[in-house]
Amino acid sequence: LTDRDVVLGYHEATKHHYHRYARSLGYLDWDSQPDPFRRYVGASETRLPFVSPGNDRPYDALFTEPAVEPASLTLASLSEFLECSLGLSAWKEFQGSRWALRCNPSSGNLHPTEGYVIADSVEGLGDGARVYHYAPKEHALERRTSLPPDAWESMTQDFPDDVFFLGLTSVHWREAWKYGERAYRYCQHDVGHALAACSFTAAMLGWTAVHLDGVGDADVASLLGLNRDADFTEAEREAPDLILAVFSTALNTVPRSLSAVPPPEAWEGSANRLSAEQVDWDIIDQVHHACAKSTEDRAEWVSPILNDAMGLPTPRPVSARAIIQQRRSAVALDGQTSISRDDFYRMLARTLPACGGPPWSTIGPETFVHLGLFVHRVDGLEPGLYCLVRDPAAQPSLRDAMQEAFTWDRTPACPDGLPLYQLATGDCTRDAMQMSCGQDIAGDGAFSLGMLAQFETAIDTHGPWCYRRLFWECGAIGQVLYLEAEVAGVRGTGIGCFFDDAVHACFGIRGPAFQSLYHFTIGGPVEDTRLTTLPPYPHERTSPP
Ligand SMILES: Cc1cc2nc3c(=O)[nH]c(=O)nc-3n(C[C@H](O)[C@H](O)[C@H](O)COP(=O)(O)O)c2cc1C
């Protein structure tokens, strides 16, 4: 079997069908529930300061203007960056049990994604370049290793002086514990959400975050110490995902790889064990192996031009920080609230790389994912099926792949730059709900959608590793929609559970050319009043220095 066969085989095997869900245990083994918080026991820890917001900006300004004054890299700004991207956003309590929510969402709130920082001489962290693991519960950095000065120099020679790096990794078992074989998909969605969360917070601070897609998995693993058997004797391993470079100086063209990758030597701490028992899902190890990313030089790309969401108005000026920290998933939608056509168009516009700003300034302009929309309650639009063609060049193949009867009409008052088409009219609330594993939220909102990826083309263009990249793009679209929903005064929810081929049949899609990889819904939320909400961190804040 080729790696391509393994990836396509995994995807097929982990589809949910009306008559059969993807393989999992089928029950939750509470005794082996994984700890959502990784620690490196024995590593020296620095608690990050809780400072009053120093660099808030209006949410809209993240897309339209360069920062007036980017934050300089200090312990306070690094703390703010981590708090608003991978930090806790609240604790929830119900009948004596407590669980944490984070700024980055996660399928089942299982949080497989771990974050690392590689930074040089930040005051308060000590002199010299070091690799740290981020512990979100304590809001602390755990020091894993130091880099020799010449290693840092040669690694960062193409970047501005104030660069630091953010690494993401995944503990696949955290998701597999609940979801079995389909879990690898969810881990990748979560990486996309986390990547986008970092991108938005960087923009809030006036920083640029860039995905270094010229760094391969082996280098990510060796930089972050994931390949150190001695530090994981009892502990679940982490799989390398990606590295972002974060810096404040504006660059027209940015490097996409590291000029050198030093293998650090002396490490501190060993990983805690997250579960008493682990069930092996071989197919996850196989697909991960087949999706391995090697180091390759990617062409430099120019950051997309910032524009203003096609002139579509924002409902009200809102603080970026407030939106980022109030983001939540709706657990139920009211089946009544509608949104305005302008809000709908603006939400969709922000998912386009052409719109500029986060998260596309981090991921890059290449897109493979289009939106198949189920419109239920958008004022001034007929309910029915719609399609947002995120890359206009793909329209002919999408049209070819979908039902012949679709009309492909432009929608009323749609901005020229928004490639949105009406396909068919009619109430699709029931279909949307049924296809999303019978979840009411898919029919009770203003609209829901399936993310239709140019599946085979992407994998054949970039190789099997691009399977991961497709889910990252979907997760990033999801993060945009979560934040946009908050801006519009409604609420979103990511939907990983759907009957794959039923969705394809609804749009008339056959074969692997297009595949739906993630669903999303937005509408008026119904609060679960039985839950108590507590603040994420107990600390008082100090004024910024
Ligand atoms: C990839 C992904 C898939 C999800 N799938 C579903 C789903 O099928 N149904 C659902 O009700 N919530 C789903 N969620 C929402 C999560 O349960 C939610 O993000 C998590 O509980 C954390 O809560 P928060 O988003 O409010 O921080 C999904 C979230 C993500 C990121």
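Which residues gather in a patch of negative charge on the surface? I began with this question, keeping in mind that the model is predicted, and I found that D120, D127, D150, E153 and D161 gather in such a patch.

I then picked out one member of the patch, E153, and looked up its place, which is in helix α4, running over residues 149-155. E153 has a relative accessible area of 52%, and because exposed means over 50%, I noted E153 as exposed.

Next I turned to the aromatic rings, and I noted that the structure holds 26 aromatic pairs. For Y59 and F200, I read that the ring centres are 6.3 Å apart and the planes stand at 10 degrees, so I entered this pair as stacked. I also looked up where the two partners sit: Y59 lies in the loop between β2 (45-47) and α2 (61-64), while F200 lies in helix α6 (residues 183-204), so the pair ties together parts that are 141 residues apart in sequence. As for their cover, both Y59 and F200 are buried.

The pair of F159 and F165 was my next entry: their ring centres are 5.6 Å apart and their planes stand at 90 degrees, so this pair is edge-to-face. Buried or exposed, I asked of F159 and F165? I found that F159 is buried, and that F165 is buried as well.

Last, I looked up a group of rings, and I wrote down that Y10, Y184, F455, Y467 and F471 are linked by ring pairs into a cluster.

Notes: Residues numbered from 1 in each chain as written. Predicted model: local features only at pLDDT ≥ 70, side-chain atom pairs only at ≥ 80, totals over all residues. Heavy atoms only, no water. Patch = residues over 30% accessible without salt bridge, like charges linked within 9 Å, V, L, I, M, F, W, Y side chains within 5 Å. Areas by Shrake-Rupley, 256 points an atom, 1.4 Å probe, with all protein chains shown as cover. Salt bridge = Lys/Arg side-chain N within 4 Å of Asp/Glu carboxyl O. Lys, Arg positive; Asp, Glu negative; His and termini not counted. Charge placed at Lys NZ, Arg CZ, Asp CG, Glu CD. Helix = DSSP H or I, 4+ residues; strand = E, 2+ residues; numbered from the N terminus. Buried < 20%, exposed > 50% of the residue type's maximum accessible area, 1.4 Å probe, protein only. Phe/Tyr/Trp six-rings, centres within 6.5 Å; stacked < 30°, edge-to-face > 60°.
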